[in-house]
Amino acid sequence: MSARICHQAPAASCPLAPAASAGVAALTLSTGGLALLLAWRLSQAPSAAAALAGALVWLASALLAWRWWRAGASGVLQWDTQQWLLCGEGGDAVPCGAPEVCLDLQRLMLVRVRPQGRAAQWLWLQHRGPAQGWSALRRAVFAGGAQARAAAVPAPVMAPEGRT
């Protein structure tokens, strides 16, 4: 017989702001795209219309990446030991499900949250303050996912005594 010990994750919060590393990644990809476009232009000598189309596609993608980065969430993602809250700068707190970790780089995580009554949001969580705060947040994120998965799994149905 095994005993199952459950530990509650401590309260934790993470300030949200556009992550500098995400901005650097977007800028690096955009610069790489421009370099490839220029290399294509110099090596293949495409028609002026093809070169213009390539430049416009690059410019549109660079502007969209910049806009995505600037529109990053602001406020606080908070775990109060009972539920996750997405708190805006105006003080409004919206309950949301446990963050789904999509990318974990130890000091930076990309998560998706689903606030009640709103579309899913992608958030960059970044280690910014004391190490204990980041560790508590990581424990809460991963414990919350495990608790949600455990709650979603139905309990096994036992056969009545004497029947097999």
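Author: Let's settle one convention before we start: Ala, Val, Leu, Ile, Met, Phe, Trp, Tyr, Cys and Pro count as nonpolar, Asp, Glu, Lys and Arg as charged, and the others, Gly among them, as polar. We'll want that for the pocket. Also keep in mind that this is a predicted model.

Reader: Fine. Which classes make up the lining of the largest pocket?

Author: There are 11 nonpolar residues and 2 polar ones, with no charged residues in the lining. The volume of this pocket is about 230 Å³. Thirteen is the full lining count, and W68, A71, G72, A73 and W122 are the ones closest to the centre.

Reader: Which element gives the most to that lining?

Author: Strand β7, with 4 residues. Both α2 (48-70) and β7 (121-126) supply at least two residues each.

Reader: Let's step back to the overall layout. What order do the helices and strands follow along the sequence?

Author: Reading along the chain you get β-α-α-β-β-β-β-β-β-α, made of 3 helices and 7 strands. For contacts with a separation of 6 or more, 52% join residues 24 or more positions apart.

Reader: And how much of the protein is buried?

Author: Of its 164 residues, 27% count as buried. The exposed surface comes to about 11100 Å², and carbon and sulfur atoms supply 63% of that.

Reader: Now a helix. What span should α1 have, going by its residues?

Author: Take 1.5 Å a residue: the 25 residues of α1 (residues 20-44) should span 36 Å, and the end C-alpha atoms are 36 Å apart, which agrees.

Reader: Which residues of α1 are buried?

Author: Start with the general idea: an α-helix has 3.6 residues a turn, so residues three or four places apart point the same way. In this helix the buried ones are A22, G23, A26, S30 and L37. Those residues pack against α2 and β7, and both of these elements also contribute to the pocket lining.

Reader: β7 again. What does Q126 touch?

Author: Q126 sits in β7. Setting aside residues up to four places away in sequence, Q126 touches C14, A19, A20, S21, R107, L108 and W134.

Reader: Is Q126 buried or exposed?

Author: Buried, because the relative accessibility of Q126 is 18% and the cut-off is under 20%.

Reader: How should I read backbone angles? Which residue just after α1 takes a positive phi?

Author: As a rule, most residues other than glycine have a negative phi. Here A45, just after α1, has a positive phi of about 50 degrees, although A45 is not a glycine. A45 belongs to the loop between α1 and α2, and at 58% relative accessibility A45 counts as exposed.

Reader: What phi does T81 have?

Author: About 80 degrees, positive, and T81 is not a glycine either. You'll find T81 in the loop between β2 (75-79) and β3 (84-87). With 25% relative accessibility, T81 counts as partly exposed.

Reader: Last one: how do I spot distant parts of the chain coming together? Where is P10?

Author: Look for pairs far apart in sequence and check their separation in space. P10 is in the segment before β1 (12-16). P10 and D80 are 70 residues apart in sequence, yet their C-alpha atoms are 7.8 Å apart. Apart from neighbours within four places in sequence, P10 is in contact with W79, T81, A136, R139 and A140. T81 is thus the residue we just met with the positive phi. P10 itself is partly exposed, with a relative accessible area of 30%.

Methods:
Residues are numbered from 1 along each chain as its sequence is written. This is a predicted model: local features need pLDDT of at least 70, side-chain atom pairs count only at pLDDT 80 or more; totals for chains, interfaces and linings use all residues. Side-chain values use heavy atoms; hydrogens and water are left out. On a 1 Å grid over the protein atoms alone, a cavity is a set of points where a 1.4 Å probe fits but cannot get out, and a pocket is an open set with protein on both sides within 12 Å along at least five of seven lines; lining residues have an atom within 4 Å of a point. Grid points are joined across faces, edges and corners, and a volume is the space filled by probe spheres set on the points. The expected span of a helix is 1.5 Å times one less than its number of residues. Buried means under 20% relative accessible area, exposed over 50%, partly exposed in between (1.4 Å probe, protein chains only). Contact means heavy atoms within 4.5 Å. Accessible areas come from the Shrake-Rupley method with a 1.4 Å probe; for residues, only the protein chains shown count as cover.
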